[in-house]
Amino acid sequence: MGIGRWIAGKYGTRRGLAFTVLSQISYKLGRYNDYRQVDWSSVERVVFICTGNICRSAFAEAIARSRGIDAVSCGIDTILDAPANADAICSAERHNVNLYDHKTKPFMYLVFKKTDLLVAMEPWQVRYLSDQLTREYQYTLLGMWSDPILPYIQDPYGSGDAYFDKCFGYIKDSVDGLAQRIKAAA
């Protein structure tokens, strides 16, 4: 296997590899410690956020709901009511998850509650939302709740099946980590 195929299967793209390495360094330096400080007892709903709301956050929402967690998803840069990405639908099926009925929602169309936990896939998404939203919310990165910790979850959009499956497997494990903490605090 060549290096290009290895990167594509493990990180999606070279950019994904670079951002993964940079986020791991930032994590080791303690820059994401605040994202582990969640008051689980106050969480009533989980809001999963990514860029387009057609892959990662849609899948995370479906997993969370299947675990009995009140969850919604939205995107920072998306249109209203678009379907999930076709490759995401196929990968989700391989994980026994149905995304056929998913419809995108821009974050500005969502009514946020003070008891929401906003869960992003990438550090820049947390910074963007905290700048845009006027109320204080709890924020975290989804990848902070699995083993290994992966603060940056590369967007699988445009990647092959191998990375979609790896990404969705990691999202599933991370959502399970969140669900355990929410249920333990209830």
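Visitor: Where does Ser130 lie?
Guide: Ser130 lies in helix α5. Helices are DSSP runs of H or I with at least four residues, strands are runs of E with at least two, and both are numbered from the N terminus.

Visitor: What makes Ser130 partly exposed?
Guide: Its relative accessibility is 34%. Buried means under 20% relative accessible area, exposed means over 50%, and partly exposed is in between (1.4 Å probe, protein chains only). Ser130, at 34%, therefore counts as partly exposed.

Visitor: How far apart are Ser130 and Ile89?
Guide: In sequence, 41 residues separate Ser130 and Ile89. In space they are 30 Å apart, C-alpha to C-alpha.

Visitor: What kind of model is this?
Guide: This is a predicted model, where local features need pLDDT of at least 70 and side-chain atom pairs count only at pLDDT 80 or more, while totals for chains, interfaces and linings use all residues. Residues are numbered from 1 along each chain as its sequence is written, and side-chain values use heavy atoms, with hydrogens and water left out.

Visitor: Which pattern does the protein chain follow?
Guide: Along the sequence it reads α-α-β-α-β-α-β-α-β-α. That comes to six helices and four strands.

Visitor: Why is the protein chain called as compact as a globular protein of that length?
Guide: Its radius of gyration is 15 Å. The radius is taken over C-alpha atoms, and the globule rule is 2.2 Å times the number of residues to the power 0.38. For 186 residues the rule gives 16 Å, and 15 Å is close to that, so the description fits. The C-alpha atoms fill a box of roughly 50 × 40 × 30 Å along the principal axes. Buried residues make up 52% of the 186.

Visitor: Why is Ile49 called buried?
Guide: Ile49 has a relative accessible area of 1%, so it falls under the cut-off for buried. Its place is in strand β1.

Visitor: Which residues does Ile49 touch?
Guide: Among them are Ser57, Cys74, Ile76, Leu118 and Leu129, not counting residues up to four places away in sequence. Contact means heavy atoms within 4.5 Å. Ile153 is 104 residues from Ile49 along the chain, and their C-alpha atoms are separated by 12 Å.

Visitor: How many aromatic pairs does a search of the whole structure find?
Guide: The search finds nine. Rings of Phe, Tyr and Trp (its six-membered ring) pair if their centres lie within 6.5 Å; planes under 30 degrees apart count as stacked, over 60 as edge-to-face and the rest as tilted.

Visitor: What makes Phe107 and Tyr128 an edge-to-face pair?
Guide: Their centres are 5.9 Å apart, and the planes meet at 85°. Both values pass the cut-offs, so the pair is edge-to-face. It links distant parts of the chain, with Phe107 in the loop between α4 (86–94) and β3 (116–120) and Tyr128 in helix α5 (residues 123–132), 21 residues apart. Phe107 is buried at 7% relative accessible area, whereas Tyr128 is partly exposed at 30%.

Visitor: How do you know that Phe164 and Phe168 pair edge-to-face?
Guide: The distance is 5.6 Å centre to centre, with 85° between the planes, so this pair also meets the definition. Both residues lie in helix α6 (residues 161–185), four residues apart, about one turn of the helix. Phe164 is buried at 0% relative accessibility, and Phe168 is buried with 0% too. Phe59, Phe164 and Phe168 form one aromatic cluster.

Visitor: What is unusual about phi in Asn53?
Guide: Phi is positive, about 60°, although Asn53 is not a glycine. Most residues other than glycine have a negative phi, and most peptide bonds are trans. Asn53 is found in the loop between β1 (45–50) and α3 (56–66). Its relative accessible area is 0%, so it is buried.

Visitor: Is Asn96 buried or exposed?
Guide: Asn96 is at 75% relative accessibility, so it counts as exposed. Its phi is positive as well, near 60°. Asn96 is found in the loop between α4 and β3.

Visitor: Which residues does a cis peptide bond join?
Guide: It joins Asp147 and Pro148, with omega about 5°. Pro148 is in the loop between β4 (138–141) and α6.
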